[in-house]
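I opened my notebook to look at how two chains sit together. Here is what I looked up, one entry at a time.

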Number of protein chains: 2
Amino acid sequence: MRALSRSARSKGESVAFVPTMGALHAGHVSLFERARATHDRVAASVFVNPLQFGPREDFTRYPRPVARDNRLSRAAGVDWLFRPSARTLYPPGSTTRVVPGPLASRYEGAVRPGHFTGVLTVVLKLLQIVEPDTLILGRKDAQQAALVGSMMRDLDVPARLVVAPTVRERDGLALSSRNAYLSAQERVRAAGLHRALAAGRAAARAGARDARRIESAVRVTLKLISRPDAIDYVALVDPSTFEPVRRLRSRALLAAAIRLGRTRIIDNVTVSPR
Amino acid sequence: MRALSRSARSKGESVAFVPTMGALHAGHVSLFERARATHDRVAASVFVNPLQFGPREDFTRYPRPVARDNRLSRAAGVDWLFRPSARTLYPPGSTTRVVPGPLASRYEGAVRPGHFTGVLTVVLKLLQIVEPDTLILGRKDAQQAALVGSMMRDLDVPARLVVAPTVRERDGLALSSRNAYLSAQERVRAAGLHRALAAGRAAARAGARDARRIESAVRVTLKLISRPDAIDYVALVDPSTFEPVRRLRSRALLAAAIRLGRTRIIDNVTVSPR
């Protein structure tokens, strides 16, 4: 993988890189297409990273449709699909970790202890292997994107980060490989997550500035139309640090995570005071 | 720094990198000379890394002879001396860390909690900035070299590690910037550390295989000729993992750390069963 990337760069070609866990959908495809439109070469990886899954999470049942992923990525203009094994990336005795700062212990990090250490470790490894000019991530995993951006700045990684817009179903549900777990009835309720976030954004447009009022608009709508089995969090946060925002003064992120049966879904929208 | 290194590499030149904390001595010079002899370009850094010092350690009094370091490095063939400020490497909000595995909690890590996290974080940052083909470290800090090597493997850093021999005074004392702290009387006692390690090696040559017997030969000699104010550790370890070795079966490292007044000194020798 590194030899391919170096050979391209030595000819003056630019390289974009999109890391994925496979089970590709139109959200991934939009990242590949963005990479394709802006760079000479597109590298992507498929790796279901054991390090970022908790012991009770869905590592073993996470979907792995290999042939379909190969076809979709090729059709979307991926030049190189990197598919390492867990043994290659984590040989016995591999113990060094890339550990995020305190902003990683909130929200996703609070519900999934160790998750972001797994994410940062594998993303740094992949960046060292692929050596891209640009890393492209999706905005649906906004806290992940913020933490990867911090990691790249903090560790002086010589690549640029681009965070690309979330792709949604017609009813607003953010595309996610985990949507495949939803039953038909849960799938209908899942669409309520984006509608609830939109209700929070509408409250801000109508003049709400207090984060609690905006978050409350989300919760109320969620309970009405999604009837989630649990709400892990609803939070107005700073988009780059993921610090909670008390009053809406500049562009912020309204993020939420809910559970529907055994499935967790997350989403976020931007909210502005104007 | 990165632009200089990239420009050289784009012309096909090889780049070696020697990170230091300054207060350069003949040990550093030997690393520079090795870099010079084997690579087209030599980069070195001088950075007294606050992250690897404990709150009660010698960060503020660590020597910083700027003009002398410039002169010595230039004379030894360093092309680029990189001298970042702490503010440049750790701007406010810089919180991501590179954390070593469990082998870092022994020996130096037991005495200096957090030390190796500071070392790995700054070394990874410098590697990302300099992008060398080869990183050159000294063998005196053997546990550091082992942990940096593990980090580079574990995180797929695209550089090779070379660990170069310790340079010693005529009486055997390993060169160290901290030797400048020793009083005349402590300086005489300090030479006993290498002699004590040599006594351990001699015990192995005479047939000792049990680590306790070899370590005991070191301790006995140390107490006789160094009269240290404390012995932090004397340990027979695996050279690459720093796991303790119970019986000498293959090449091992005999490492020790002692205190003379306010100064800690460390050293190590290799020991073979044959």
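These entries go from the symmetry to the contact, and then to a sheet in one chain.

**Entry 1: what kind of model**
I noted at the start that this is a predicted model.

**Entry 2: how the chains are related**
I began with a general idea: two copies of a chain are related by a rotation about an axis and a shift along it. What rotation superposes chain A on chain B? I found a rotation of 180 degrees, with 0.0 Å of shift along its axis and an RMSD of 0.0 Å. I wrote "two-fold axis" in the margin, because that is the relation these values describe.

Next I asked which residue of chain A comes closest to the rotation axis. I found Val98(A), with its C-alpha at 2.3 Å. I also checked whether the surface recurs, and 100% of the contact residues of chain A do so in chain B, so I noted that the same surface serves both copies.

**Entry 3: who takes part in the contact**
How many residues does each chain give to the contact? I noted 23 residues from chain A and 23 residues from chain B. On the side of chain A that touches chain B, I listed strand E4 (97–99), helix H6 (115–130) and helix H7 (142–154), each supplying at least two residues. The largest share there comes from H6(A), with five residues. I then sorted that side of chain A by class and got eleven nonpolar, six polar and six charged residues.

**Entry 4: strands that meet across the contact**
I followed E4(A) over to chain B. There E4(A) pairs with strand E4 (residues 97–99) of chain B in the antiparallel sense, over three bridges. Which residue of E4(B) is the bridge partner of Arg97(A)? I found Val99(B).

**Entry 5: a sheet in chain B**
Then I turned to an open sheet of three strands in chain B, in the order E7-E8-E9, with antiparallel pairing. Its edge strands are E7 (230–237) and E9 (263–271) of chain B, and each of them pairs on one side only. From one strand to the next, I noted a twist that averages 10 degrees.

I looked more carefully at one pair. Strand E8 (residues 252–260) of chain B and E9(B) pair in the antiparallel sense over nine bridges. I also noted that Ala255(B) stands opposite Asn268(B) in E9(B).

**Entry 6: a helix across the sheet**
My last look was at helix H9 (residues 211–225) of chain B. H9(B) lies across E7, E8 and E9 of chain B, and runs at about 150 degrees to E7(B).

Definitions and conventions:
Residues are numbered from 1 along each chain as its sequence is written. Chains are lettered from A and ligands numbered from 1 in the order in which they are written. This is a predicted model: local features need pLDDT of at least 70, side-chain atom pairs count only at pLDDT 80 or more; totals for chains, interfaces and linings use all residues. Two residues are in contact if their C-beta atoms, placed from the backbone, lie within 7 Å. Helices (H or I, at least four residues) and strands (E, at least two) are DSSP runs, numbered from the N terminus. Ala, Val, Leu, Ile, Met, Phe, Trp, Tyr, Cys and Pro count as nonpolar, Asp, Glu, Lys and Arg as charged, and the others, Gly among them, as polar. Two strands pair if DSSP finds at least two bridges between them. Axes are lines fitted to C-alpha atoms, for helices over the stretch in contact, and angles run from 0 to 180 degrees between N-to-C directions. Copies are superposed by least squares on the C-alpha atoms of residues with pLDDT of at least 70 in both.
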